[in-house]
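Subject: Handing over the model

Hi,

Here is the structure I promised to pass on. Have a look at it first, and then read my notes underneath.

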Amino acid sequence: MRLTSDFWVKALIRRVFGAGEFAVVENQGSAEAGAIFIRIRGRNGLETLLGPAPQSLFDTTKPNERTFEIRLQNVVREDVESVLERERKFDTDCWIVELETDRPEDYVPVMPS
């Protein structure tokens with residue numbers, strides 16, 4: 001059984017803070033099944049955006065945990081804002097979580113490029 005979006009986001013934030021890094025919910029979506037987008041703010045001022053990996057990328061078996069793909073990597077804030085604005089219009093129930101970390105893969109499973 002898959003964790004609800006609300007529970008998963010709370011656990012992510014707890015893990016990030018527990019490691020001495022920063023996380024915040026920028027947009028709270030549907031508690032049960034809202035799509036989760038993760039905005040990663042780098043120390044160099046650039047951002048990376050992770051989104052849910054499309055189910056079509058998996059075999060017939062569905063993964064037990066949420067998996068993310070890189071949507072944008074090392075871009076300016078405005079580029080990430082533009083994509084997130086479109087996502088909010090398309091899916092008003094989506095979650096947006098912002099992390100400040102150099103190692104997002106420590107917290108979320110990211111598909112290899």
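Before the notes, one term: two residues count as in contact when they have heavy atoms within 4.5 Å. On that basis, of the contacts in the protein chain with a separation of 6 or more, 68% are between residues 24 or more positions apart. Please keep in mind that this is a predicted model.

**The overall picture**

The protein chain has 2 helices and 5 strands, and from the N terminus the elements come in the order α-β-β-β-β-α-β. Of its 113 residues, 36% are buried. The chain exposes about 6,900 Å², and carbon and sulfur atoms supply 51% of that area.

**The sheet**

The 5 strands make an open sheet with mixed pairing, in the order β1-β5-β2-β3-β4. At the edges sit β1 and β4, each of which pairs on one side only. Ignoring direction, neighbouring strands in this sheet are turned by 20° against each other on average.

Going through some of the pairs:

- β1 with β5: antiparallel, over 5 bridges. Phe 22 has Glu 100 in β5 as its bridge partner.
- β2 with β5: parallel, over 5 bridges. Here Phe 37 stands opposite Ile 96 in β5.
- β2 with β3: antiparallel, joined by 4 bridges. Ile 40 is opposite Thr 48 in β3.

That last pair is also a hairpin, with 5 residues between β2 and β3. In its turn, Gly 45 has a positive phi of about 90°. As for cover, β2 is mostly shielded, with 5 of its 6 residues buried.

If you go through the backbone angles, stop at Asn 74 in strand β4. Its phi is positive, about 50°, although Asn 74 is not a glycine. So is Asn 74 buried, or partly exposed? Its relative accessible area is 46%, so Asn 74 is partly exposed; the range for that class runs from 20% to 50%.

**Helix α1**

Helix α1 covers residues 5-18, which is 14 residues. From its first C-alpha to its last it reaches 20 Å, close to the 20 Å expected at 1.5 Å a residue. Its buried residues are Ser 5, Asp 6, Trp 8, Val 9, Leu 12, Ile 13 and Val 16. Around the axis they cover an arc of only 165°, so they are on the same side of α1. They pack against β1, β2, β4 and β5. On the other side of α1 you will find Phe 7, Lys 10, Arg 14 and Gly 18, which are exposed. After α1 comes Gly 20, with a positive phi near 85°.

**Helix α2**

Helix α2 takes in residues 77-90, again 14 residues. At 1.5 Å a residue it should span 20 Å, and its end C-alpha atoms are 20 Å apart, so the two agree. The buried residues in α2 are Val 80, Val 83, Leu 84 and Glu 87. Looking down the axis of α2, they fall within an arc of 95°, so they line one face of the helix. What covers them includes strands β1 (22-27), β2 (36-41), β3 (47-52), β4 (68-75) and β5 (95-100). The face of α2 turned away from this buried side carries the exposed residues Glu 78, Arg 86 and Lys 89.

One residue to click on here is Val 80, which is in helix α2. How is Val 80 classed, buried or exposed? Its relative accessibility is 0%, so Val 80 counts as buried, the cut-off being under 20%. Leaving out residues up to four places away in sequence, Val 80 touches Arg 39, Glu 47, Leu 49, Leu 72 and Val 75. You can also check Val 80 against Leu 46: they are 34 residues apart along the chain, and their C-alpha atoms are separated by 9.7 Å.

**Where to start**

If you only have a few minutes, I would begin with the sheet order, β1-β5-β2-β3-β4, then turn to the buried face of α2 and the positive phi of Asn 74.

Cheers

Terms used: Residues are numbered from 1 along each chain as its sequence is written. This is a predicted model: local features need pLDDT of at least 70, side-chain atom pairs count only at pLDDT 80 or more; totals for chains, interfaces and linings use all residues. Side-chain values use heavy atoms; hydrogens and water are left out. The expected span of a helix is 1.5 Å times one less than its number of residues. Buried means under 20% relative accessible area, exposed over 50%, partly exposed in between (1.4 Å probe, protein chains only). The arc is that of the directions from the helix axis to the C-beta atoms. Two strands pair if DSSP finds at least two bridges between them. Axes are lines fitted to C-alpha atoms, for helices over the stretch in contact, and angles run from 0 to 180 degrees between N-to-C directions. Accessible areas come from the Shrake-Rupley method with a 1.4 Å probe; for residues, only the protein chains shown count as cover.
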